[in-house]
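Biologist: I would like to learn how to read a structure feature by feature, beginning with strands and ending with rings. Could we take one case at a time?

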Amino acid sequence: MAEQQLVVFRLGKEEFGIDISRVREIVRLQNITAIPRTMDFVEGIVNLRGRIVPIVDLCKRFRVANSSSVEESARRIIVVNMAEQNIGVLVDGVSEILRIPDESIEPTPPIVAGDVSADFIRGIAKVENRLIIVLDLDRIFSVEEKAVLAQAVE
């Protein structure tokens, strides 16, 4: 039985998952240096052990209202590998790592609740009484947006 291992995190009230093989590390929120005149969902850059990493706020990217009850101490940066570079995605909290059988992941329905475009979604995982939106990291950003993020670290 084939399965996927996902890092599960929250954005607002929703749960999302990304393939663990794309995750480099999960770090606590740290001081982010703003970059002027960049896309509104780019928070800035951080220095992680000598490497400059652009930070993207997924709540802003997906137009998901982050929960005002989220403590700053709960927020995390998930460093993922996208387009041959490391990018930090800012989330409201990381809850767990789950092994999910492939048959528990349904294709994306034509109408998806919320403002997250169906283009970004690989499927919906059903885990007990929960629904976890499985993201396709390669489709979160357009080619132009990936180019801007690459420039942020140059």
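**Reading strands, helices and rings**

Modeller: Let us start with a strand pair in this model, which is predicted: strand β6 (residues 76-82) and β7 run antiparallel and are joined by 7 bridges. One of the paired positions is R76, whose bridge partner in β7 is V91.

Biologist: Which strand is joined to β7 by 3 bridges, and in what sense do the two run?

Modeller: Strands of a sheet pair through backbone hydrogen bonds, either parallel or antiparallel. Here β5 and β7 run parallel and are joined by 3 bridges, and within β7 the bridge partner of V56 is V89. Since 6 of the 7 residues of β7 are buried, that strand is largely enclosed by the rest of the structure.

Biologist: How should I read the order of strands in the open sheet of 6 strands?

Modeller: The order is β8-β1-β2-β11-β10-β9, and the pairing is mixed. At the edges stand β8 (93-101) and β9 (105-106), each with a single partner strand, so one side of each is left without a neighbour in the sheet. Strand β1 (residues 3-11) pairs with β8 over 8 bridges in the antiparallel sense, and V7 has I97 as its bridge partner in β8.

Biologist: What should I look for in the phi values, and where does A83 fit in?

Modeller: Most residues other than glycine have a negative phi, and most peptide bonds are trans. In the hairpin of β6 and β7, with 2 residues between the strands, A83 takes a positive phi near 50°. R49, which is not a glycine, also has a positive phi, of about 50°; R49 is found in the loop between β4 and β5, and its 64% relative accessibility means that R49 counts as exposed. A further case is E128, with a positive phi near 50°, in the loop between β10 (121-127) and β11 (130-135); E128 counts as exposed at 78% relative accessibility.

Biologist: Turning to helix α2, which of its residues are buried, and which are exposed on the other side?

Modeller: In helix α2 (residues 143-152) the buried residues are E145, L149 and A152. Seen down the axis of α2, these buried residues fall within an arc of 50°, so they line one face of the helix. On the other side of α2, V143, E144 and Q151 are exposed. The cover over the buried residues of α2 includes β4 (42-48), β5 (51-57), α1 (58-62) and β7 (85-91).

Biologist: Which residues does M39 touch, leaving out those up to four places away in sequence?

Modeller: With those left out, M39 touches E145, V148 and L149. M39 lies in the loop between β3 (23-28) and β4, and M39 counts as buried because its relative accessibility is 18%, where the cut-off is under 20%. From M39 to L149 there are 110 residues in sequence, whereas their C-alpha atoms are 9.3 Å apart in space.

Biologist: Which residues of the largest nonpolar core touch the most other members?

Modeller: That core has 29 residues, and those touching the most other members are F9, L11, I18, L58, F62, I78 and L135. At least two residues of this core come from each of β1, β2 (14-19), α1, β6, β7, β10 and β11. A second, separate core has 9 residues, including V8, A125, V127 and V134. As for L11, its contacts beyond four places in sequence are F16, L58, C59, F62, V64, L90, V91 and D92.

Biologist: How many aromatic pairs are counted, and how is such a pair described?

Modeller: A pair of aromatic rings is described by the distance of the centres and the angle of the planes. The count comes to 4 aromatic pairs. One of them is the stacked pair of F9 and F16, at 5.9 Å centre to centre with 15° between the planes, and both F9 and F16 are buried. Another stacked pair is formed by F41 and F141, at 5.8 Å centre to centre with 20° between the planes. F41 lies in the loop between β3 and β4 and F141 in the loop between β11 and α2, so the pair ties together parts that are 100 residues apart in sequence. F41 and F141 are buried, and R61 lies over the face of F41, at 4.8 Å from the ring centre. Ring pairs also link F9, F16, F62 and F120 into a cluster.

How values were computed: Residues numbered from 1 in each chain as written. Predicted model: local features only at pLDDT ≥ 70, side-chain atom pairs only at ≥ 80, totals over all residues. Heavy atoms only, no water. Pairing = 2+ DSSP bridges. Helix = DSSP H or I, 4+ residues; strand = E, 2+ residues; numbered from the N terminus. Buried < 20%, exposed > 50% of the residue type's maximum accessible area, 1.4 Å probe, protein only. Arc of directions from axis to C-beta. Contact = heavy atoms within 4.5 Å. Core = buried A, V, L, I, M, F, W, Y, C linked by side-chain atoms within 4.5 Å. Phe/Tyr/Trp six-rings, centres within 6.5 Å; stacked < 30°, edge-to-face > 60°. Lys NZ or Arg CZ within 6 Å of the ring centre and 35° of its normal.
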